[in-house]
Amino acid sequence: MIKERFDIIASGLGNYFGVGFITPMEQLQIDLGNKEAEFDDDAKYRMALGRAMEDACMNYFEEKMGIRIDERNSEIGYAVDGKLKCKRDGRTFIEGIETGWENKYSNASVSFTGNMNYILQCQAYMMAWGLEHDYRDWE
């Protein structure tokens, strides 16, 4: 059974802006429950590896940065009057400032953190939890 959504999820937000992995119409059809999301074997393996490595990566950065990352995939927040659903990977505090943690484990040959799809996802999480950002850091 295909699931109909009554909100947009942050990880699919970039698709609606034409900077994701599928077209805006394909994302709409998935969200309406008219089509199932499709992933080839390589994508499924990458996602499985990312899920398996997520806690290990967060544990590594806790030790490296001397921080604690809590609320690991346990908190759901909403933005845009409840129409945008967000589930961030974790939360930490850096210099006393609440900071959302979005963890990506990638074997990509190029950096994805400047990718507009990723930026939109992170901005959505910041909206849902009312976090601020110095936009000069994105340059």
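**Briefing: a three-strand sheet, its hairpin and its cysteines**

Asp81 lies in the loop between strands E2 and E3. The model is a predicted one. The two strands flanking that loop form a hairpin with 4 residues between them, and they belong to an open sheet of 3 strands in the order E1-E3-E2, with mixed pairing. A search of the whole structure finds 0 disulfides. The points below take the sheet, the turn, the cysteines and then several residues in the loops and in helix H2.

**Sheet layout**

- The sheet is open, and its 3 strands run in the order E1-E3-E2.
- E1 and E2 stand at the edges with a single partner strand each, so one side of each has no neighbour in the sheet.
- Strand E1, residues 8-9, pairs with E3 in the parallel sense over 2 bridges.
- In that pairing, Ile8 stands opposite Leu84 of E3, and Ile9 has Lys85 of E3 as its bridge partner.
- E2 pairs with E3, residues 84-87, in the antiparallel sense over 4 bridges.
- Across this antiparallel pair, Ile76 stands opposite Lys87, and Gly77 stands opposite Cys86.
- In general, strands of a sheet pair through backbone hydrogen bonds, in either a parallel or an antiparallel sense.

**Faces of the strands**

- Side chains alternate along E2, residues 76-79: Gly77 and Ala79 point to one face and are buried, whereas Ile76 and Tyr78 point to the other and are not buried.
- E3 also alternates, with Leu84 and Cys86 pointing to one face and buried, and Lys85 and Lys87 pointing to the other and not buried.
- The pairing of Gly77 with Cys86 thus brings together a residue that is buried in E2 and one that is buried in E3.
- Ile76 and Lys87, which stand opposite each other, are not buried in E2 and E3, respectively.

**Hairpin turn and positive phi values**

- Most residues other than glycine have a negative phi.
- Val80, in the turn of the E2-E3 hairpin, has a positive phi of about 50 degrees.
- Asp81 is another non-glycine residue with a positive phi, near 55 degrees.
- Asp81 counts as exposed, at 75% relative accessibility.
- Glu71 is not a glycine either, and its phi is positive, near 50 degrees.
- Glu71 lies in the loop between H3 and E2 and is partly exposed, with a relative accessible area of 22%.

**Cysteines**

- Why is Cys57 in no disulfide? The cysteine sulfur closest to that of Cys57 belongs to Cys122 and is 15 Å away, which is too far for a bond.
- Cys122 is in no disulfide either, and the nearest cysteine sulfur to its own, that of Cys86, is 10 Å away.
- The cut-off for a disulfide is a sulfur pair within 2.5 Å.
- Cys57 is buried, with a relative accessible area of 13%.
- Cys122 also counts as buried, at 12% relative accessibility.
- Cys86 is on the buried face of E3.

**Loop between H3 and E2**

- Ile69 is found in the loop between H3 and E2, the loop that also holds Glu71.
- Is Ile69 buried or exposed? Ile69 is buried, with a relative accessible area of 4%.
- Ile69 and Gly90 are 21 residues apart in sequence, and their C-alpha atoms are 5.9 Å apart in space.

**Helix H2 and the loop after it**

- Asp31 has its place in helix H2 and counts as buried, at 5% relative accessibility.
- Which side chain does the side chain of Asp31 contact? The side chain of Asp31 makes a polar contact with that of Tyr16, at 2.5 Å.
- Leu32 lies in the loop between helix H2 (24-31) and helix H3 (41-65).
- Leu32 is partly exposed, with a relative accessible area of 38%.
- Met25, Leu28 and Leu32 make a nonpolar surface patch of about 250 Å².
- Leu32 thus contributes to the surface patch, whereas Asp31 is buried.

How values were computed
Residues are numbered from 1 along each chain as its sequence is written. This is a predicted model: local features need pLDDT of at least 70, side-chain atom pairs count only at pLDDT 80 or more; totals for chains, interfaces and linings use all residues. Side-chain values use heavy atoms; hydrogens and water are left out. Patches are made of residues with over 30% relative accessible area and no salt bridge: like charges are joined within 9 Å, nonpolar side chains (Val, Leu, Ile, Met, Phe, Trp, Tyr) within 5 Å. Accessible areas come from the Shrake-Rupley method with a 1.4 Å probe; for residues, only the protein chains shown count as cover. A salt bridge is a side-chain nitrogen of Lys or Arg within 4 Å of a carboxyl oxygen of Asp or Glu. Buried means under 20% relative accessible area, exposed over 50%, partly exposed in between (1.4 Å probe, protein chains only). Two strands pair if DSSP finds at least two bridges between them. A polar contact is a pair of N or O atoms within 3.5 Å; within protein, one must be able to donate a hydrogen and the other to accept it, and residues adjacent in sequence count only if both atoms are side-chain atoms.
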